[in-house]
Amino acid sequence: MSKPTSIKTSEDVRDRLRVLAEERGTTITELLEELASRELTHAEREERAVEAARELGVEYSEQVRQAGQDAWAQIRAHQGGAAK
């Protein structure tokens with residue numbers, strides 16, 4: 001088990017995390033662990049993109065990378081999320 005620590009955030013965010021955790025029948029700590037493990041780092045996203053291109057028989061290039069990013073931005077826009 002890792003050593004406990006604290007994270008500073010606004011009361012609004014803390015309250016929202018509390019509600020989300022309660023709705024899922026878990027704790028804020030467990031909710032944060034789940035959210036953090038679900039989100040990929042930049043390096044992990046790149047690694048998966050290279051692997052996907054390889055599986056599709058596509059050479060992973062800057063043009064392919066940009067096309068993929070553009071496609072995901074469009075998907076997020078249509079889902080109502082912010083494009084990253």
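**Figure 1. The whole chain, which runs α-α-α-α from the N terminus on.** That comes to four helices and zero strands in this protein, where helices (H or I, at least four residues) and strands (E, at least two) are DSSP runs numbered from the N terminus. This is a predicted model, so local features need pLDDT of at least 70 and side-chain atom pairs count only at pLDDT 80 or more, while totals for chains, interfaces and linings use all residues. Residues are numbered from 1 along each chain as its sequence is written, and side-chain values use heavy atoms, with hydrogens and water left out. The C-alpha atoms fit in a box of roughly 45 × 35 × 25 Å along the principal axes. The radius of gyration is 18 Å, whereas a compact globule of 84 residues would come in near 12 Å; the value is taken over C-alpha atoms, and the globule rule is 2.2 Å times the number of residues to the power 0.38.

**Figure 2. Surface and charge of the whole protein.** How much of the protein counts as buried? Of the 84 residues, 7% do, with buried meaning under 20% relative accessible area, exposed over 50% and partly exposed in between (1.4 Å probe, protein chains only). About 7,500 Å² is exposed, and carbon and sulfur atoms supply 53% of it. Accessible areas come from the Shrake-Rupley method with a 1.4 Å probe, and for residues only the protein chains shown count as cover. On the charge side, there are 13 positive and 17 negative side chains, and the centres of the two sets lie 4 Å apart. For this count Lys and Arg are positive and Asp and Glu negative, with His and the chain ends not counted; each charge is placed at NZ of Lys, CZ of Arg, CG of Asp or CD of Glu.

**Figure 3. Close-up of the salt-bridge network of Arg 14, Asp 15 and Arg 18.** Side chains of opposite charge can pair when their charged atoms come close. The cut-off here is a side-chain nitrogen of Lys or Arg within 4 Å of a carboxyl oxygen of Asp or Glu, and a search of the whole structure turns up four such salt bridges. Arg 14 pairs with Asp 15, their closest N and O atoms being 2.8 Å apart. Asp 15 also meets Arg 18, at 3.6 Å from N to O. Arg 18 and Asp 15 are three residues apart in helix 1 (residues 11-24), so about one helical turn separates them. Arg 14 is partly exposed at 34% relative accessibility, as are Asp 15 at 31% and Arg 18 at 38%.

**Figure 4. Close-up of Arg 65 and Glu 62 in helix 4 (residues 62-79).** These two form a salt bridge, with 2.3 Å between the closest N and O atoms. They sit three residues apart, about one turn of the helix. Glu 62 is partly exposed, with a relative accessible area of 48%.

**Figure 5. Close-up of helix 3 (residues 42-56), home of Glu 55.** Glu 44, Glu 47, Glu 51 and Glu 55 gather in a surface patch of negative charge. Patches take residues with over 30% relative accessible area and no salt bridge, joining like charges within 9 Å and nonpolar side chains (Val, Leu, Ile, Met, Phe, Trp, Tyr) within 5 Å. Which is exposed and which is buried, Glu 55 or Ala 53? Glu 55 is exposed at 63% relative accessible area, whereas Ala 53 is buried at 7%. Ala 53 also lies in helix 3; its C-alpha is 9.5 Å from that of Arg 65, twelve residues apart in sequence.

**Figure 6. Close-up of the nonpolar patch of Ile 7, Leu 32 and Leu 35.** Together these three side chains make a surface patch with about 260 Å² of accessible area. Leu 32 belongs to helix 2 (residues 28-38) and is partly exposed, with a relative accessible area of 33%.

**Figure 7. Close-up of Thr 27, in the loop between helix 1 and helix 2.** Thr 27 is partly exposed, at 38% relative accessible area. Its C-alpha and that of Leu 17, ten residues apart along the chain, are separated by 8.9 Å.
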